[in-house]
Amino acid sequence: MQAQILVTGPEKRPVFHLTNGQISYIIGITERAAIPEQLYFGAAIRPQAGYDFLIDRENRNGVLLFDQDPTSSLDYLGQEYPSYGHSDFRQPALQLTYPQGDQVTLLTYESYRILAHKEPLPGLPASFGRTPDDTMVLELHLKDEGSGLKVTLQYAIFSDVAAVTRSARLEQSGTETLWIDRAMSLALDLPDHDYDLIHFYGGWAHEMNLERQPLQHGIYQVSSLRGVTSAVQTPLIALARPQADEFQGQVLGFNLLYSGNFLSQTETALSGTTRVLLGIHPDLFRWELKPGHSFQTPEAVMVYSHNGLNGMSQAFHDFYRRHLIRRPASKALSPVLLNSWEGCYFNFDQDRLVSMAETAREMGIDLFVLDDGWFGHRDDDTTSLGDWRPDRRKLPEGISGLSHKIHALGLQFGLWIEPEMVNPGTPIWEEHPDWVIRVPGKSASPSRNQYVLDMGRPEVVTNLFDQLCRVLDGAGVDYIKWDMNRHLSELYSHALPASRQSELSHRYCLGVYQLYERLLERYPDILFESCSSGGQRFDAGMLYYAPQAWVSDNTDAVARLKIQYGTSMGYPLAAMGAHVSAVPNHQTGRVTSLALRSTVASFGTFGYELDPAQLTDAEKVRIKQDIADFKKLQPIVAKGCFYRLISPFDRPELCAWMAVSKDRQQAYVAVFRLLEVMGQERTRIPLAGLDPALLYTVKGPWQSLTPRYGDNLMSAGLILAGNKRDASRQPDGQRGDFAVYTFMLEAVAQA
Ligand code: DGJ
């Protein structure tokens with residue numbers, strides 16, 4: 001069904017019903033005060049002439065908006081964009097300070113506009129329609145009592161995914177300056193609080209750990225004030241009915257298309273309702289809004305699933321793949337890459353790199369990526385960030401010389417950069433001390449020996465753009481890994497007056513986006529991968545610029561199961577940078593089979609991060625086969641539906657997942673048995689997402705199994721009979737701890 005926005009009711013009190021046959025989002029306007037009221041978000045409901053049955057008014061004492069009207073307390077009203085200062089004492093979406101010092105705001109409805117086309121948001125990531133008629137946009141125009149402030153709430157609904165996006169634009173059409181203390185992107189008031197909150201925590205090398213807890217009364221904040229989204233907490237949150245699991249039950253998913261300080265918050269209020277807020281973190285934020293100026297919030301997305309967490313993830317995956325990620329046409333599927341980092345760190349020269357690339361080519365790799373260490377005099381991490389000139393000691397022919405050599409081998413060429421950073425001693429540091437974020441007269445904290453450039457200054461963005469163009473012009477670079485290896489501290493911009501220092505974090509993020517946009521415009525065929533000490537900036541905002549992101553510096557296949565499992569909750573596999581690295585693993589010291597390492601990486605972008613010179617001939621043969629196999633599966637993994645079957649967070653000894661092509665003709669299943677537990681050999685793994693009526697051939701690790709119908713595979717499941725057999729006779733990777741079993745399912749052509 002097409003996306004629709006249906007308008008019913010009287011002209012002054014219209015009701016808006018956004019639907020696409022999968023979901024409905026319904027907004028009313030209250031009788032007396034004309035406040036946009038949230039009526040419904042969930043499974044699609046049939047359009048009707050009126051929706052009064054969704055209006056729920058209670059007589060309440062307390063602070064009232066209208067004298068003698070006990071139904072007029074805003075504390076009990078589900079609102080689209082609640083503001084601070086009247087009878088709603090919950091945390092607001094909007095908080096302003098007015099010239100006389102008060103913070104009291106009342107937004108009321110004025111008019112609306114429906115658009116069949118979604119415009120980009122100035123300077124920010126923004127979802128888009130793929131075809132001329134797959135997206136509908138509703139704008140609600142609100143006005144503030146007395147100040148001249150106009151607020152536009154924007155909603156988008158898409159024909160092919162159970163998602164609604166939200167954002168707000170504030171425009172001061174009055175004559176006085178206002179201060180925005182908070183302007184969230186999304187506010188959703190749910191009628192009850194019978195939910196579990198799911199969110200993610202972690203840090204370097206242990207990103208995206210899933211945590212689930214019943215929603216309690218009070219406020220729960222998931223947030224970052226680190227200048228980036230970070231891995232400590234991430235903006236992605238979900239509200240799941242307590243009975244909901246991976247396969248069934250209602251789940252609402254929320255995410256912010258933004259890469260800076262964020263707040264994702266739930267508040268269970270006095271009437272038992274739940275308020276969800278997502279947006280720029282209001283701490284460390286204050287924006288001066290002068291007459292004639294406007295402020296645009298980032299966009300947020302919410303998805304609905306009644307098929308549990310897998311359904312939520314699939315909605316997110318489809319939304320990002322179809323309506324957010326801009327991939328260069330030449331790289332519709334990610335190239336299989338070899339990254340130099342774990343293979344040689346800073347220790348390389350042109351000959352070593354070319355020889356790595358030669359072996360990579362023999363094994364079938366598409367793209368050779370030169371990671372850190374190619375510029376300035378960077379033999380370790382103490383120097384040269386900000387000086388983006390190739391190090392002629394290592395690369396006598398520069399980047400273009402190396403790139404031409406790699407291209408001559410038939411490989412694409414990729415390069416690492418970390419443009420936001422500076423090391424002491426570089427020309428930028430010496431010549432422009434005021435470009436560095438630090439407070440005059442106060443100490444500045446280094447991290448990895450580096451400091452952060454003030455990306456909020458246009459001249460910094462231009463300097464970096466010009467330096468990078470000097471490297472990239474004519475060099476034929478096909479891929480860039482954009483890294484960012486520290487958080488922002490000692491916030492101060494030399495370019496802003498004292499009264500506007502709290503704009504720095506957001507301006508920084510806008511500057512990063514601007515540099516991305518300028519590079520993308522100039523080099524539309526370059527594929528970007530974002531990175532921040534692993535997955536410290538794996539967020540939906542970045543996906544707009546960089547279609548893939550490095551999930552974690554932890555390349556250990558066992559650790560990766562949890563990290564990729566958690567990441568898959570909100571992000572598509574085609575965006576998840578995943579590499580096979582050497583053993584013992586450089587982070588954990590663990591030794592695992594090539595089979596395990598390559599299976600785990602095959603549920604991501606797939607690549608290698610090791611020194612090919614250290615591989616045995618047998619390993620090279622195996623890798624060549626793995627790459628050829630991956631290329632056959634890649635369309636299923638990158639474009640299909642992903643199902644988590646058994647969670648490593650629930651069962652430390654077992655994990656299983658699978659990808660099914662959208663037409664359900666093919667599926668790729670992986671079962672990871674991390675610990676051999678005697679007595680549990682006959683594990684059954686019920687599959688998911690298959691066509692119940694289709695007959696599938698099942699190619700397993702030890703035999704070709706009898707073809708089975710989809711319903712049979714989803715109910716009776718695959719039987720892991722692996723260690724019934726003589727363990728010592730099973731191939732590497734299929735016995736003992738850290739074993740892996742993969743299955744390919746193919747529908748049998750039916751007459
Ligand atoms: C951190 C990244 O996560 C690594 O992959 C690598 O690129 C290093 N930085 C290089 O300094």
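In the predicted model, the C-alpha centres of domain 1 and domain 2 are separated by 37 Å. The domain assignment places domain 1 at residues 4-323, composes domain 2 of the segments 335-420, 457-488 and 527-638, and gives domain 3 as residues 646-747. In the contact between domain 1 and domain 2, 33 residues are contributed by domain 1 and 31 residues by domain 2.

Between them, domain 1 and domain 2 bury about 2600 Å², and 59% of this area lies on carbon and sulfur atoms. On the side of domain 1, the residues that lose the most area to domain 2 are Trp204, Glu207 and Met208, which together account for 21% of what that side buries. As to the polar component of this contact, 17 residue pairs are in polar contact between domain 1 and domain 2, counting pairs with both residues at pLDDT 80 or more, whereas the count of salt bridges between the two domains is 0.

The elements that give two or more residues to the side of domain 1 that touches domain 2 are strand E15, spanning residues 251-257, and helix H1, spanning residues 308-323. Of the elements on this side, H1 gives the most, with 7 residues. By residue class, the side of domain 1 that touches domain 2 is made up of 19 nonpolar, 10 polar and 4 charged residues.

Although no salt bridge is counted between domain 1 and domain 2, the count of salt bridges for the model comes to 45. One of these pairs joins the side chains of arginine 275 and aspartate 88, with an N to O distance of 2.9 Å. This pair links distant parts of the chain, as arginine 275 belongs to strand E17 (residues 274-280) while aspartate 88 lies in the loop between strand E4 (36-43) and strand E5 (94-97), the two residues being 187 residues apart. In general, side chains of opposite charge can pair when their charged atoms come close.

The ligand has 13 residues around it, and those that come nearest are Asp371, Asp372, Lys481, Asp483 and Asp553. For lysine 481, a polar side-chain atom is placed 2.8 Å from an oxygen atom of the ligand. The side chain of arginine 448 likewise has an N or O atom 2.9 Å from an oxygen atom of the ligand. In the case of asparagine 485, an N or O atom of the side chain is found 3.4 Å from a nitrogen atom of the ligand.

Key:
Residues are numbered from 1 along each chain as its sequence is written. This is a predicted model: local features need pLDDT of at least 70, side-chain atom pairs count only at pLDDT 80 or more; totals for chains, interfaces and linings use all residues. Side-chain values use heavy atoms; hydrogens and water are left out. Domain bounds come from an automatic or database domain assignment. Contact means heavy atoms within 4.5 Å. Buried area is the accessible area (1.4 Å probe) that two parts lose on being put together, summed over both. A salt bridge is a side-chain nitrogen of Lys or Arg within 4 Å of a carboxyl oxygen of Asp or Glu. A polar contact is a pair of N or O atoms within 3.5 Å; within protein, one must be able to donate a hydrogen and the other to accept it, and residues adjacent in sequence count only if both atoms are side-chain atoms. Helices (H or I, at least four residues) and strands (E, at least two) are DSSP runs, numbered from the N terminus. Ala, Val, Leu, Ile, Met, Phe, Trp, Tyr, Cys and Pro count as nonpolar, Asp, Glu, Lys and Arg as charged, and the others, Gly among them, as polar. A residue is near a molecule or strand if one of its heavy atoms lies within 4 Å of it.
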